[in-house]
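Subject: Handing over the structure

Dear colleague,

Here is the structure that I promised to pass on to you. Please have it open while you read, as my notes follow below.

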Amino acid sequence: MKLSFKTLDDVETKGRRVLVRVDINCSVDPDTKKITDDSRIDAIVPTLKELSKSKVVLMAHQGRPGSNDFISLEQHTKILQELRFNVSFVDDIFGEKAKAAIEKVQVGEILVLQNVRMFEGELKKAPPDEVAKEAIVQELYPLFDLFVNDAFGAAHRSQASLVGFTTVLPSVAGRLVEKEIRILTEATATEKHPWILVFGGAKVAGKVKTLGKLLTTGRVDNALLGGLLGQLFLIAKGLIPTEYSAPIKGFESAVETAKELLEKYPDILVLPQDAAIERDGKRVECAFHEMDGDPFFDIGPATATKYMQMIRGAAVVFANGPMGLFEKKPFATGTKCVLNAIAECEGVTVVGGGHMGAMAINEGFADRVSHISTGGGATINFLTGKKLDLMVALEEAARRMV
Ligand code: 3PG
C-alpha cells in the first residue's frame, strides 16, 4: 500500500535533532493519579528504537485541563526508563528551562517535555498555518532538524503540537502512525456485513457528533451504545431521568444531537435495556425504573447478552469506549462481556482507544482480535472517511519536502 505521506524510511535521522510528537495519554487512577495502563507507551517503542542514533525530544499530552487524568509526564518518563531508554524529563515545554535541556540532549538520549496541554495555546483547534503561530511552535522549531509525528491517538486533533510543526520543519510519520494507517485502511476496505460499531465511554459531546458523521456513510448496520454515551441516548429517548446527565459534559447540545440521530436511525442505534447501578457500595443489576437515582455504572446482563449475540454474528466489529465505569472492578463486567464476544467473532475486529485497547490487552484478548488500535476518537474519525488532520498535515509537509 502506497502511503500519501513520508515516513522514517524517507529521511536521514542519524545524529539529527528530532522532535517527536507521541500520544502516551494513559489511563490514570482517579484517586492515586498513578498510571494504570501503559500500552500506549509500549506502542511508541519501535519509533524510539529506530531513533536511537538521534537526539530525541518527546512532546505529548496527558488528559485535559480540569480532568482527573490531567497530570505531569514524569511518570511516563519513569516508564520509559524502565524500558531501558536513556531518558530524562524537564518540567517546562518551550521556556528557557526546556530550551537549555534540549540543547544538552546527546545522540542516544531522549528528553521528555512537560504535558503540552499545560500551555493554553495548545488547546486551540485551527488549521496548521494558524496553530503554527503559537509560541510552542515558534519557540521550539528552530532547535530541530526534523519533526516526527507518531501520535496516532490524537490524529484527529488540529492542535499546535500535532499539526503546527509540519508547516515549518521537514516532517514524517513515525512507525506507529504508519502501522495504524496501513491496518485501518485494509480493515475498512471490506464490503462485508453486518458491520457493528460498539461505542461507549465518556467524552460524549465529541462522540455523538462523530457517530452522526459515521452513520451518514451508510457503513454501520448497528451501533451498540454503552457508557456515558449510552446514558445520553437513554435520556434522549426518555428511558432514564435527566438527573443521570450530571456526569455528561456538554449535555445540553449533545442530547439534541442524540434525539436527531434516534429519529433518523431508529433501527441502527441499539441502546442498553437494563442497568448495573452502585447501591450501598455494591453492584446491583436492575431495570431502569428500579435505579432510584443510584449511579448507573455499567450495562446490565440483558444488554450484555444481546450485545454479545450481535457481535458474535458480525462480519466487521469496531469497538471504542468502555460500556461502564471499568475502573471500579464490579463495573468492568459489561465491557469484559463485549470484549469476550469480540474475541469470539470470526469477522474483522478492531478494538480502539486508550481504555478499551488497554483492557483488551490486560484481559489477554490481544491475539484474538484483528487489531488493537491506539486510537479511540482518531479511529472512529478515520472510519467516517474524513482524512485525519494529522494525515493532511503530513501530506502537505511531504509536498513541501519534494
Ligand atoms: C485519546 O485518548 O483519545 C487521545 O489521546 C486524544 O485525547 P483527547 O480526546 O483529549 O484530545
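Which units make a right-handed β-α-β unit with helix H9 (residues 204-216)? The strands S9 and S10 do so together with H9, where right-handed means that, with the strands pointing away from the viewer, the path from the first strand over the helix to the second runs clockwise. Before going further, please note that this is a predicted model, in which local features need pLDDT of at least 70 and side-chain atom pairs count only at pLDDT 80 or more, while totals for chains, interfaces and linings use all residues. Residues are numbered from 1 along each chain as its sequence is written, and side-chain values use heavy atoms, with hydrogens and water left out. Helices (H or I, at least four residues) and strands (E, at least two) are DSSP runs, numbered from the N terminus.

I turn to the strands. S9 (residues 195-199) and S10 pair in the parallel sense over 4 bridges, pairing being assigned if DSSP finds at least two bridges between two strands. Within this pair, Ile196 of S9 has Asn222 of S10 as its bridge partner. On its part, S10 (residues 222-225) points Asn222 and Leu224 one way and Ala223 and Leu225 the other way, and all of them are buried, that is, under 20% relative accessible area with a 1.4 Å probe and protein chains only, whereas exposed means over 50% and partly exposed lies in between. S10 is also joined to strand S11 (residues 269-270) by 2 bridges, the two running parallel, and Ala223 stands opposite Leu269 there.

S9 is also joined by 5 bridges to strand S15, again in parallel, and Phe199 has Asn320 as its bridge partner in S15. Strand S15 (residues 316-320) is mostly covered, with 5 of its 5 residues buried: Val316, Phe318 and Asn320 point one way, and Val317 and Ala319 the other. A further 5 bridges join S15 to strand S16 (residues 348-352), which runs parallel to it, and in this pairing Asn320 stands opposite Gly352. S15, helix H13 (residues 333-344) and S16 make a right-handed β-α-β unit. Thr333, which is found in H13, is partly exposed, with a relative accessible area of 33%.

The ligand is surrounded by Asp23, Asn25, Arg40, His61, Arg64, Arg117, Gly153, Arg157 and Lys203, a residue being counted if one of its heavy atoms lies within 4 Å. This shell divides into no nonpolar, 3 polar and 6 charged residues. A polar side-chain atom of Asp23 lies 2.7 Å from an oxygen atom of the ligand, and the corresponding distances are 3.0 Å for Arg40 and 2.9 Å for Lys203. Taken alone the ligand exposes 310 Å², and the protein buries 92% of that, the areas coming from the Shrake-Rupley method with a 1.4 Å probe.

Some backbone details may merit your own inspection. The peptide bond from His193 to Pro194 is cis, with omega near 0°, and Pro194 has its place in the loop between helix H8 (175-188) and S9. Lys33 has a positive phi of about 65° although it is not a glycine, and Lys33 is partly exposed at 30% relative accessibility. Asp292 likewise has a positive phi, near 55°, and is exposed, with a relative accessible area of 70%.

With best wishes

Conventions:
Polar contact = N/O pair within 3.5 Å; in protein donor to acceptor, adjacent residues only side chain to side chain. Nonpolar A, V, L, I, M, F, W, Y, C, P; charged D, E, K, R; others polar.
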